[in-house]
Amino acid sequence: MREPIGGREVMTDQLHQLLKLSELDNVTIQVVRSGSTEWTPAHAGPFILFEFPKAAPIVHVEHLSSSAFLSNAGDVRTYSDAATNLRSAAMHPTDSAEFIATIADEMEANA
């Protein structure tokens, strides 16, 4: 979150957008701080776990030149467990919002 890809103004706008989204009832944003001394599934790469009220969950993984949807129950369970692990390792949503706001303030001050 501290890498101003696209410039500080762009990064500040993105951080403010995250803060707005975090206020929605159906959105939870939790930050996993860098510099952890313990491995988390975040170190293995990004993924999105889609869970639906009336359908089986699926997972989306992206790589540099490709992406895939996983629907195998074992694969989905692995990623579901990873998501649970990440929620435990991450900051509380309120602390995460404060952290994001602090970084946005820093970006604005150094623009």
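Author: Two strands pair if DSSP finds at least two bridges between them. Helices (H or I, at least four residues) and strands (E, at least two) are DSSP runs, numbered from the N terminus. The model here is predicted, so local features need pLDDT of at least 70 and side-chain atom pairs count only at pLDDT 80 or more, while totals for chains, interfaces and linings use all residues. Residues are numbered from 1 along each chain as its sequence is written, and side-chain values use heavy atoms, with hydrogens and water left out.

Reader: OK, the big picture then. In what order do the elements of the chain run from the N terminus on?

Author: There are three helices and three strands to place. The C-alpha atoms fill a box of roughly 45 × 35 × 30 Å along the principal axes. Reading from the N terminus, the order is α-β-β-β-α-α.

Reader: How many of the 111 residues of the chain count as buried, as a percentage?

Author: Buried means under 20% relative accessible area, exposed means over 50%, and partly exposed is in between (1.4 Å probe, protein chains only). Across the 111 residues of the chain, the buried share is 23%.

Reader: Let's do the sheet. Which strands stand at its edges?

Author: The sheet is open, with three strands in the order β1-β2-β3 and antiparallel pairing. Each edge strand has a single partner, so one side of it is left without a neighbour in the sheet. Those edge strands are β1 (47-50) and β3 (67-70).

Reader: Which residue in β2 is the bridge partner of I48?

Author: β1 and β2 pair in the antiparallel sense, over four bridges. Within that pairing, I48 has its partner in β2, and that partner is H60.

Reader: And on the other side, which residue in β3 stands opposite V61?

Author: β2 (residues 58-62) and β3 run antiparallel and are joined by four bridges. They form a hairpin with four residues between them. In β3, V59 has L70 opposite, and opposite V61 stands A68.

Reader: What lies across β1, β2 and β3?

Author: Angles here run from 0 to 180 degrees between N-to-C directions, with axes as lines fitted to C-alpha atoms, for helices over the stretch in contact. Neighbouring strands of the sheet are turned by 15° against each other on average, direction ignored. The element across the three strands runs at about 105° to β1, and it is helix α2 (residues 73-89).

Reader: Now the other helices. Does α1 come out regular, or rather: how far apart are its end C-alpha atoms?

Author: The expected span of a helix is 1.5 Å times one less than its number of residues. For the 15 residues of α1, the expected span agrees with the distance between its end C-alpha atoms, which is 21 Å.

Reader: Why do the buried residues of α1 line one face of the helix, and within what arc do they fall?

Author: The residues in question are M11, T12, L15 and L19. The arc is taken from the directions that lead from the helix axis to the C-beta atoms. The exposed residues E9 and K20 sit on the face of α1 turned away from the buried side. Seen down the axis, the buried ones line one face because they fall within an arc of 100°.

Reader: What do the buried residues of α3 pack against?

Author: In α3 (residues 93-109), S96, F99, I100, I103, A104 and M107 are buried. They cover an arc of only 135° around the axis, which puts them on the same side of α3. Taking contact as heavy atoms within 4.5 Å, they pack against α1 (8-22).

Reader: How far apart in space are T102 and L15, C-alpha to C-alpha?

Author: T102 is in helix α3, and at 40% relative accessibility it counts as partly exposed. T102 and L15 are 87 residues apart in sequence, yet their C-alpha distance is 9.8 Å.

Reader: Last one, for the aromatics. What is the angle between the planes of F50 and F52?

Author: Rings of Phe, Tyr and Trp (its six-membered ring) pair if their centres lie within 6.5 Å; planes under 30 degrees apart count as stacked, over 60 as edge-to-face and the rest as tilted. The structure holds two aromatic pairs. Both F50, at 32% relative accessible area, and F52, at 40%, are partly exposed. They form a stacked pair, 6.4 Å centre to centre, and the angle between the planes is 5°.
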